[in-house]
Protein chains: 2
Amino acid sequence: MNGAESLVRTLLAAGVDHCFTNPGTSEMHFVAALDGAAEMRSVLALQEGVATGAADGYWRMAGRPASTLLHLGPGLANGLSNLHNAKKAGSGVVNIVGEHATAHIALDAPLTADIEGIARPVSDWVRTTRAAADVGADAAAAVRAASGAAPVVATLILPGDAAWSEGGVVAAPEALEAPRAVPEAAVTAAAEALRKPGALLLLGPGALDEAALADAGRISAATGCGLMTEWSNARLARGAGIVAVARVPYPVDQAVEVLRPYRRIVLAGAKRPVAFFAYPDKPGVLTQPGTVFDELGSAGDDIAGALRALVEALGAGGAIPKGIAAAARPAIPEGAATPESIAAVLGATLPEGAVVVDEGVTTGRGFFGATAGAPPHHWLNNRGGSIGYGMPVAIGAAMAAPGRKVIALVGDGSAMYTPQALWTMAREGLDVTVLIFANRNYAILRGELTNVGVANPGPRALSMLSLDHPALEWTHLARGMGVEAERVETAPELAAAVKAGLASEGPYLVEVMI
Amino acid sequence: MNGAESLVRTLLAAGVDHCFTNPGTSEMHFVAALDGAAEMRSVLALQEGVATGAADGYWRMAGRPASTLLHLGPGLANGLSNLHNAKKAGSGVVNIVGEHATAHIALDAPLTADIEGIARPVSDWVRTTRAAADVGADAAAAVRAASGAAPVVATLILPGDAAWSEGGVVAAPEALEAPRAVPEAAVTAAAEALRKPGALLLLGPGALDEAALADAGRISAATGCGLMTEWSNARLARGAGIVAVARVPYPVDQAVEVLRPYRRIVLAGAKRPVAFFAYPDKPGVLTQPGTVFDELGSAGDDIAGALRALVEALGAGGAIPKGIAAAARPAIPEGAATPESIAAVLGATLPEGAVVVDEGVTTGRGFFGATAGAPPHHWLNNRGGSIGYGMPVAIGAAMAAPGRKVIALVGDGSAMYTPQALWTMAREGLDVTVLIFANRNYAILRGELTNVGVANPGPRALSMLSLDHPALEWTHLARGMGVEAERVETAPELAAAVKAGLASEGPYLVEVMI
């Protein structure tokens, strides 16, 4: 058995059975090993950002890692920004990168690069395998790092000779790290804090599934505390019957206003609220000076268990959770597609079990209200802020959740970062409905010019934010990659198109002119 | 004057007047500063790989750097692989990356990343500016690093507060590094080596313009030595009246055969020939054991001057250069488009002064023979091996060489890495004719499977190399980004399409079915 074969078999033994890849010469032995492993679903991406984003989306819905297989330093570099997003989302990824054979590295061939150096900024675990005999054990260690309670992006670098040499050994799966129990003292302190006036329970990773949200609702019912989530959630349960929680708003001024009443904040997996960006005359910290924070738990902790313990400490086990969303669907409005009417169309059409991948940027900021009463669904946000995340994440989510409808909401500027994702959706026949919000602008940046103090931007500045010359034609782009597509201008047209997309089994793209 | 304004003015004072960018919030002050600087041509790219590749192409044709302007760590990451290519090509780039305001970095906002860490693997010069007062001086130092005899990718990281704070100071241009004269002893040693039987003069950067090639031809005429260039040349002068030099072939076996006669090799700017990739049973070093190398000069040395001195040392000033290409254009063949007939069409149609950006991968390996007698032109290869280079480099080349016809030759797999380049070509009205070689395969990798010893790849392995399901439709993709396009299947159709593309003033895409 060569090293590449031991890698594939070790991954499969550990339950890693999806590989998002764009391989090259240095990975050909791995590709060959796939022939002997029908259980490994190999998914080709035409640019590595698609592969790494798909691995992120896969983790979010499957709760276990997929692998990538990338070609040397440049292949890794192309996938780096979606690995950044995965890291910030707390998604585990077994990120496999081919390397030249050990003796070849010193020759400084054209593709030679510092792969470990490129990997480190986005990987909390990096290892270069030394020999074929080590590949299996290194792969098992990478899977462990990318799994369990505090998963990371684990980059395993595989030199060609380690892949092609005989002597591979399949390694058994390593035991995974279990979530750490939150100490009783932290629970007691949180209970005390939340009973005080002006208290907020801020929910983050680990507190966002239906049961944890219900416990948060009970805590709120018992104490009167506020409930909120961070602006971006890796995966939030929502819909009728589920406790609906508002997000800390994105705009700094709004966020400061919303948080102003709270002087005592219990962090349940969440981080202290800070601004996405710095501005000359706005605060970076969104809370008021003197706010007291209690940390109920952070990454690796059993946050859901801590919320359960908190319910018990408060004697709130019998309480009816506060904030449960009632079943309600808005009517489909007449008229043009606007952020508000798009929200209503989503609320009217979201099917039960939908997975919404939200990269709506400006258009999508207000979608929560109109969709809160739709049937239960999951909502996935970008926690890393690097655009080009939406369509790749939708690929991984669709593969991890077969039978569920995936809806990707993507601004046109963001979608142009990783348009190649459409091809992979078509190739794999993935049930994804993509809504492209075509405002033909980097709309978010128009506001940001004002925020940074530029009162009257001139034509040269504005032209750097504009996508309208030439106009991007998404129906052409989609058809160029084998994806059925249509363009809509009104809310009723959008509703019909979304229904058509949901009814079709493969991908379907709707260009929404706004 | 704020820091951003001092940056723009310092760049302009140093002759840097093109900026390839995709800015974000943290770069909005730079965008605002552009309004006051009509001399700076700002070019928007929809993905940063387009911006960095364009900067590479600009340097190759202008011989001076352009700047980029990228958004934080992820924006830099997206541009990293074409910076890798630029680094390997020896192209100077003033690579400007925005950073959060200094106080914001510690807050660990979503987009916070180790920007210096991401930059270092591709940048031989990295600096983070501390304050507005330093921006001008740091920019001048970056321009110096990216200019002169041994230019590098110089990454200047600009925190938001350094950009927006008052106190910017425009810095005067720094003196550039002049090429180092090659010592007389090296010239004498080279002359002695080249007079021996079995000697080869291997030409690299600095030895590839028309005059240097003529001197190389004189040296060959006087000594009988062989002449060759490396496989990839950043910019090679070619065509009727210019000394035509073969390249060391890409396939290892062919390269070893071609180099086998030579036991004494003089390196004029070139590196010792090594294989692109390692293979289990092939050598990584392409020359025979015991081959003696003489280094006439390397990066930063005056290679052209050394060749001139060598001509004089050999008394070959009056010699007629060996290998001057005679004017000759092949006939346009009948029949299907094949690598051979495409080569003939190029030879028949290349206009004088054309700039050929070659990312033909498999299809383009044999284009040199049929084009050697076309009117004088330049030929640009990828020296870093990271695909997605061709169309972005064509953008920069077209902007640096207005009035010249740019022809980009790109495999379909490569073109899908940076398709966004088409939009920038349309927006800027660039005179680029793009030929997409649509074999709907990563054709190079089919051969590589065999090279690494996989005799009978199965369907799962082969499917990782195939782009035919769904078929990519380049005419749709081009129209989706505002570029006129047509599809051809035969050599005469291709010839007509190339002529149409050359006659049009904006970009024109030809999908060549092969």
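**The four-stranded sheet of chain B**

In this predicted model, begin with strands S7, S8, S10 and S11 of chain B, which form an open sheet of 4 strands with parallel pairing, in the order S8-S7-S10-S11. Strand S8 (226-229) and strand S11 (292-297) of chain B are the edge strands; each has a single partner strand, so one side of each is left without a neighbour in the sheet. From one strand to the next, the twist averages 25°.

Select next strand S7 (residues 199-203) of chain B together with S8(B): the two pair in the parallel sense over 3 bridges. Which residue of S8(B) is the bridge partner of B:Leu202? The partner is B:Met228.

Two helices that pack on this sheet can now be added to the view. Helix H10 (residues 184-195) of chain B touches S7, strand S10 (264-268) and S11 of chain B, and its direction makes about 140° with that of S11(B). Helix H11 (residues 210-223) of chain B touches S7 and S8 of chain B, with a direction at about 180° to that of S7(B).

**The seven-stranded sheet of chain B**

Remain in chain B and display the open sheet of 7 strands, whose order is S9-S13-S12-S14-S15-S17-S16 and whose pairing is mixed. At its edges stand strand S9 (236-238) and strand S16 (484-488) of chain B; each of these has a single partner strand, so one side of each lacks a neighbour in the sheet. The twist here averages 20° from one strand to the next.

At the S9(B) edge, select strand S13 (residues 377-381) of chain B as well: S9(B) and S13(B) run antiparallel and are joined by 3 bridges. One residue pair to label is B:Arg238 with its bridge partner in S13(B), B:His377.

Then bring in helix H22 (residues 491-503) of chain B. H22(B) lies across strand S14 (406-411), strand S15 (432-438), S16 and strand S17 (508-513) of chain B. With S17(B), the helix makes an angle of about 170°.

**Helix H16 of chain B and two of its partners**

Select helix H3 (residues 48-62) and helix H16 (residues 390-400), both of chain B. Their axes come within 6 Å and cross at roughly 45°, which means that H3(B) is oblique to H16(B). The crossing is right-handed. On the H3(B) side, the contact residues are B:Gly49, B:Val50, B:Gly53, B:Ala54, B:Asp56, B:Gly57, B:Tyr58, B:Met61 and B:Ala62. Facing them in H16(B) are B:Pro392, B:Val393, B:Ile395, B:Gly396, B:Ala397, B:Met399 and B:Ala400. Classified by residue type, the contact of H3(B) with H16(B) has 11 nonpolar, 4 polar and 1 charged residues.

Keep H16(B) in view and replace H3(B) with helix H18 (residues 421-428) of chain B. H16(B) and H18(B) pack at an angle of about 20°, with their axes 9 Å apart; H16(B) is therefore roughly parallel to H18(B). What is the handedness of the crossing of H16(B) and H18(B)? The crossing is left-handed. B:Met391, B:Pro392, B:Ala394, B:Ile395 and B:Met399 of H16(B) meet B:Ala421, B:Leu422, B:Thr424, B:Met425 and B:Glu428 of H18(B). The residues of this contact comprise 8 nonpolar, 1 polar and 1 charged.

**A helix pair in chain A**

Move to chain A and select helix H11 (residues 210-223) and helix H13 (residues 303-313). The axes of H11(A) and H13(A) come within 9 Å and cross at roughly 30°, so the two helices are roughly parallel to each other. Their crossing is left-handed. H11(A) contributes A:Ala212, A:Asp215, A:Arg218 and A:Ile219 to the contact, and H13(A) contributes A:Ala304, A:Leu307, A:Arg308, A:Leu310 and A:Val311. These residues divide into 6 nonpolar, no polar and 3 charged.

**A glycine in contact with both chains**

Centre the view on A:Gly284, in the loop between strand S10 (264-268) and strand S11 (292-297) of chain A. Which residues does A:Gly284 contact, leaving aside its neighbours within four places in sequence? They are A:Val274 and A:Ala275, together with B:His104 and B:Leu107 from chain B. A:Val252 is 32 residues away from A:Gly284 in sequence, yet 8.1 Å from it in space, C-alpha to C-alpha.

**The two chains together**

Finally, display both chains in full. A turn of 180° and a shift of 0.0 Å along the axis lay chain B on chain A with an RMSD of 0.0 Å. The two copies are therefore related as by a two-fold rotation axis. The same surface serves both copies, since 100% of the contact residues of chain B recur in chain A.

Technical notes. Residues numbered from 1 in each chain as written. Chains lettered and ligands numbered in written order. Predicted model: local features only at pLDDT ≥ 70, side-chain atom pairs only at ≥ 80, totals over all residues. Heavy atoms only, no water. Axes fitted to C-alpha atoms, helices over the stretch in contact; angles between N-to-C directions. Parallel < 35°, antiparallel > 145°, perpendicular 65-115°, else oblique. Left-handed = near helix turned anticlockwise from the far one by under 90°. Contact = heavy atoms within 4.5 Å. Nonpolar A, V, L, I, M, F, W, Y, C, P; charged D, E, K, R; others polar. Least-squares fit on C-alpha atoms with pLDDT ≥ 70 in both. Pairing = 2+ DSSP bridges.
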